[in-house]
Amino acid sequence: MEMEESFDAEGSFDDASCLSPQSPGSTSPARRQNKEKEIKETKITINCVTFPVSTSAPEQQLLKPSEWSYCDYFWADKRDPQGASVSGFEVLLQKQLKGKQMQKEMAEFIRERIKIEEEYAKNLSKLSMFPMAAQEEGTLGEAWAQLKKSLADEADVHLKFSSKLQSEVEKPLLTFRGDNFKKDMKKYDHHIADLRKQLVSRYAAVEKARKALADRQKDLEVKTQQLEIKLSNKTEEDIKKARRKSTQAGDDLMRCVDLYNQGQSKWFEEMVTTSLELERLEVERVETIQQLLRQYTTLRHETDMFNQSTMEPVDQLLQSVDPAKDRELWVKEHKTGDLRPVDMDI
């Protein structure tokens, strides 16, 4: 649909009085021109949707004031970077699909985090089994052995963290709004698009009927003038026939306008209902992801706490390291004799 402004109206879509055919000569051209000008200034049709002209109409009240609701701000169409026309409803749908993509990318990010944790746990466990400094003795040897064991304990903590990340964060992110979500969005899209297409069709019918009425009125006016100045042998019956055709054209236009208004009203109602549903879905998405990310931070804090607990035995044994005691134990085990040398006698 190309952008257009419908300023050639015989009357506004909801002003039936201006559609009724007038008897010949009952309305002067100047008066009719003034009425058309007044109508043109109050209504504008863009992409087959009729809006009030903001400079001449009272300011419309928002449906949901102070809430920045979807149902208040997506009635007009816009141009995308390529210049194509995009409806307000399509913008809302794109927001939903983008949200689904963001959710998928978050799950992929958490999956990478899980891989890092699993690899880290694997390397910690492997390192804890290295026999380095295994011959250290005494209280320092006990502290060193506990430090190596703490690596294995820490590895276990990180392994459990990765497992919980998978079950409590990644999986819910992946399963939240499954395959049916995009199908539902397509249903909404097709439903609103069908109503919009119907509106376009009915607007075209209005314009066609409007032109037909203008042609009939012009024909009636010409015949009337010809009869008045005796330029034609047309009878009064011809004038009546032309008037009937003009009246019928006016009735046809009113019927088309009525159908158009019904179609626009239906589109309006469905737009409000569906945009509010999309708004509800977006709130649900944000709150769900917020909850899952909070679970991530909770698990992360728990991991720090468990890691700290693996250090407590190491700290305790380090505080008990006693060089004097280690020396005593080592000497008792490895001593070679406590008799000291003396001077030799002659």
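**Entry 1: Trp330**

I began with Trp330, which I found in helix H7, residues 323–334. I note here that the model is a predicted one. I then looked up the accessibility of Trp330: its relative accessible area is 46%, so I entered Trp330 as partly exposed. I also checked a contact across the chain. The C-alpha atom of Trp330 lies 7.7 Å from that of Glu137, although the two residues are 193 apart along the chain.

**Entry 2: helices H3 and H4**

I turned next to helix H3, residues 88–128, and helix H4, residues 138–175. Their axes are 8 Å apart, and the packing angle is about 165 degrees. Angles over 145 degrees count as roughly antiparallel, and I therefore recorded H3 and H4 as roughly antiparallel to each other. The crossing of H3 past H4 is left-handed. I then sorted the residues of this contact by type: 17 are nonpolar, six are polar and seven are charged.

**Entry 3: helices H3 and H6**

I examined H3 again, this time against H6. The two axes come within 10 Å and cross at roughly 15 degrees. H3 is therefore roughly parallel to H6. Here too I noted the handedness: H3 passes H6 in a left-handed crossing.

**Entry 4: the hairpin of E1 and E2**

I looked up the strands E1, residues 43–46, and E2, residues 49–52. They run antiparallel and are joined by four bridges. Taking Thr45 as a reference, I found its bridge partner in E2 to be Thr50. Two residues lie between the strands of this hairpin, and Asn47 takes a positive phi near 50 degrees.

**Entry 5: salt bridges**

Side chains of opposite charge can pair when their charged atoms come close. Counting a side-chain nitrogen of Lys or Arg within 4 Å of a carboxyl oxygen of Asp or Glu, I arrived at 19 salt bridges. I inspected several in detail.

In helix H4, I found Asp153 and Lys149 four residues apart, about one turn of the helix. Their side chains form a salt bridge with an N to O distance of 3.2 Å. I entered Asp153 as partly exposed because its relative accessibility is 26%. Lys149 is likewise entered as partly exposed, at 45% relative accessibility.

In helix H6, residues 236–319, I looked at Arg285 and Glu282, which are three residues apart and therefore separated by about one helical turn. The salt bridge between their side chains has an N to O distance of 3.0 Å. Are Arg285 and Glu282 buried or exposed? I found both Arg285 and Glu282 to be buried.

I then followed H6 to Arg300 and Asp304. These residues are four apart in the helix, so about one helical turn separates them. Arg300 forms a salt bridge with Asp304, and the closest N and O atoms are 2.4 Å apart. Arg300 has a relative accessible area of 29% and is partly exposed. Asp304, at 38% relative accessibility, also counts as partly exposed.

Finally, I asked which residues are linked with Lys64 in a network of salt bridges. The network joins Lys64 to Glu67 and Glu279.

Key. Residues are numbered from 1 along each chain as its sequence is written. This is a predicted model: local features need pLDDT of at least 70, side-chain atom pairs count only at pLDDT 80 or more; totals for chains, interfaces and linings use all residues. Side-chain values use heavy atoms; hydrogens and water are left out. Axes are lines fitted to C-alpha atoms, for helices over the stretch in contact, and angles run from 0 to 180 degrees between N-to-C directions. Angles under 35 degrees count as roughly parallel, over 145 as roughly antiparallel, 65 to 115 as roughly perpendicular and the rest as oblique. A crossing is left-handed if the near helix is turned anticlockwise from the far one by less than a right angle, and right-handed if clockwise. Ala, Val, Leu, Ile, Met, Phe, Trp, Tyr, Cys and Pro count as nonpolar, Asp, Glu, Lys and Arg as charged, and the others, Gly among them, as polar. Buried means under 20% relative accessible area, exposed over 50%, partly exposed in between (1.4 Å probe, protein chains only). Two strands pair if DSSP finds at least two bridges between them.
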